[in-house]
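Open the model in a viewer that can select residues by number. The stops below go from the whole chain to single residues.

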Amino acid sequence: MNKHSLLPGGGYEDLKSFQVARLVFDITVRFVELYIDPKSRTCDQMTQAARSGVQNIAEGSVAGATSKKMELKLTNIARASLEELKLDYQDYLRQRGYELWEPEHPVLQDFKKRRVASMEEFRQWLRAVRDTRTCTDVHPGAVRVSPCMWPTPR
C-alpha cells in the first residue's frame with residue numbers, strides 16, 4: 001500500500017475505546033436516572049458528556065477515511081468529554097463524602113481484570129461487590145459491619 005493512501009474509515013464497533021465508551025454511556029444513563037435530580041444541569045451534562053465520548057469516537061473513526069487530522073481532533077474531543085464526565089463522578093463522590101478510590105484499589109483492580117463489556121456483566125460485578133463488601137470496607141471507621149448499603153436511589 002502506498003504510504004500516502006488513506007485507510008478505510010469506520011469499523012469503530014470493533015474498537016475497545018468505543019465499546020468501553022458505550023458501556024460508560026449506558027452506565028451513566030442509569031446512574032443519573034437513579035441518583036441525579038432530573039431537573040438539574042448535572043443530569044444533562046453527565047449524559048451529554050458520556051454520549052459525546054461515544055459519538056466522537058465513532059465520527060472520528062469514520063472521518064479517518066479522508067482525514068487523519070479530523071480523526072485525531074474528534075478522538076481528542078471524545079477524550080475531553082470523558083474526562084469531564086470523570087470529574088462529574090468525582091464531584092458526586094466528594095460532595096457526598098464517599099471515598100475516591102485510587103487506581104490500585106482492589107475493587108477497581110478486580111473490575112479491570114474482569115474486562116466487563118456489557119451492562120449485564122457490570123450488574124453481575126456490582127452484585128458480587130455488594131455481596132462481599134461491608135460498610136467498613138467502603139467507609140473506614142463505620143460502625144456497621146453488615147453488607148454495605150450503597151447510595152439509595154432517589
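In this predicted model, 27% of the 154 residues in the protein chain are buried. Show the accessible surface of the chain: the total is about 10,300 Å², and 56% of that belongs to carbon and sulfur atoms. Now switch to a cartoon. The protein chain has six helices and zero strands, so the order of elements from the N terminus is α-α-α-α-α-α. Among contacts with a separation of 6 or more, 56% join residues 24 or more positions apart.

**Stop 1: helix α1**

Select residues 16-35, which form helix α1. The helix has 20 residues, and from its first C-alpha to its last it reaches 28 Å, close to the 28 Å expected at 1.5 Å a residue. Colour its buried residues: Phe18, Ala21, Leu23, Ile27, Thr28, Phe31, Val32 and Tyr35. An α-helix has 3.6 residues a turn, so residues three or four places apart point the same way. Which elements cover the buried residues of α1? Display α2, α3 and α5 (119-132), which are among the elements that do so.

**Stop 2: helix α3 and its packing on α1**

Add residues 68-95, helix α3. This helix has 28 residues and reaches 40 Å from first C-alpha to last, close to the 40 Å expected at 1.5 Å a residue. Its buried residues are Leu74, Ala78, Ser81, Leu85, Asp88 and Tyr92. The cover over them includes α1 and α2.

Keep α1 and α3 on screen together. Their axes are 12 Å apart and the packing angle is about 35°. The crossing of α1 with α3 is left-handed. To see what meets between them, show side chains. On the α1 side, select Ala21, Val24, Ile27, Thr28, Phe31 and Tyr35; on the α3 side, Leu82, Leu85, Tyr89 and Tyr92. By class, this contact has nine nonpolar residues, one polar residue and no charged residues.

**Stop 3: Leu85**

Centre the view on Leu85, in helix α3. Is this residue buried or exposed? Leu85 has a relative accessible area of 2%, which is under the 20% cut-off, so it counts as buried. Beyond its neighbours within four places in sequence, Leu85 is in contact with Val24, Thr28, Met46, Ala49 and Ala50. Draw a distance from the C-alpha of Leu85 to that of Gln45: the two residues are 40 apart in sequence and 8.0 Å apart in space.

**Stop 4: Asn56 in helix α2**

Move to residues 41-63, helix α2, and pick Asn56. Its relative accessibility is 10%, and therefore Asn56 counts as buried. Neighbours within four places in sequence aside, the residues in contact with Asn56 are Leu74, Thr75, Ile77 and Ala78. Two of the names, Leu74 and Ala78, also appear in the list of buried residues of α3.

**Stop 5: the loop between α2 and α3**

Select Gly64, in the loop between α2 and α3. Gly64 counts as buried because its relative accessibility is 1%. Leu74 is ten residues away along the chain, and the C-alpha atoms of Gly64 and Leu74 are separated by 9.7 Å.

Then go past the other end of α3 to Gly97. This glycine follows α3 and has a positive phi, near 75°.

**Stop 6: Arg114 and Arg115**

Select Arg114 in helix α4, which spans 106-114. With a relative accessible area of 44%, Arg114 is partly exposed. Where does Arg114 make contact, leaving aside neighbours within four places in sequence? The residues to show are Trp125 and Ala128. Arg114 and Trp125 are eleven residues apart in sequence, and their C-alpha atoms lie 8.5 Å apart.

Finish on Arg115, in the loop between α4 and α5. At 56% relative accessibility, Arg115 counts as exposed. Most residues other than glycine have a negative phi. Check the backbone here: the phi of Arg115 is positive, near 55°, although the residue is not a glycine.

Terms used. Residues numbered from 1 in each chain as written. Predicted model: local features only at pLDDT ≥ 70, side-chain atom pairs only at ≥ 80, totals over all residues. Heavy atoms only, no water. Helix = DSSP H or I, 4+ residues; strand = E, 2+ residues; numbered from the N terminus. Buried < 20%, exposed > 50% of the residue type's maximum accessible area, 1.4 Å probe, protein only. Contact = heavy atoms within 4.5 Å. Areas by Shrake-Rupley, 256 points an atom, 1.4 Å probe, with all protein chains shown as cover. Axes fitted to C-alpha atoms, helices over the stretch in contact; angles between N-to-C directions. Left-handed = near helix turned anticlockwise from the far one by under 90°. Nonpolar A, V, L, I, M, F, W, Y, C, P; charged D, E, K, R; others polar. Expected span 1.5 Å × (residues − 1).
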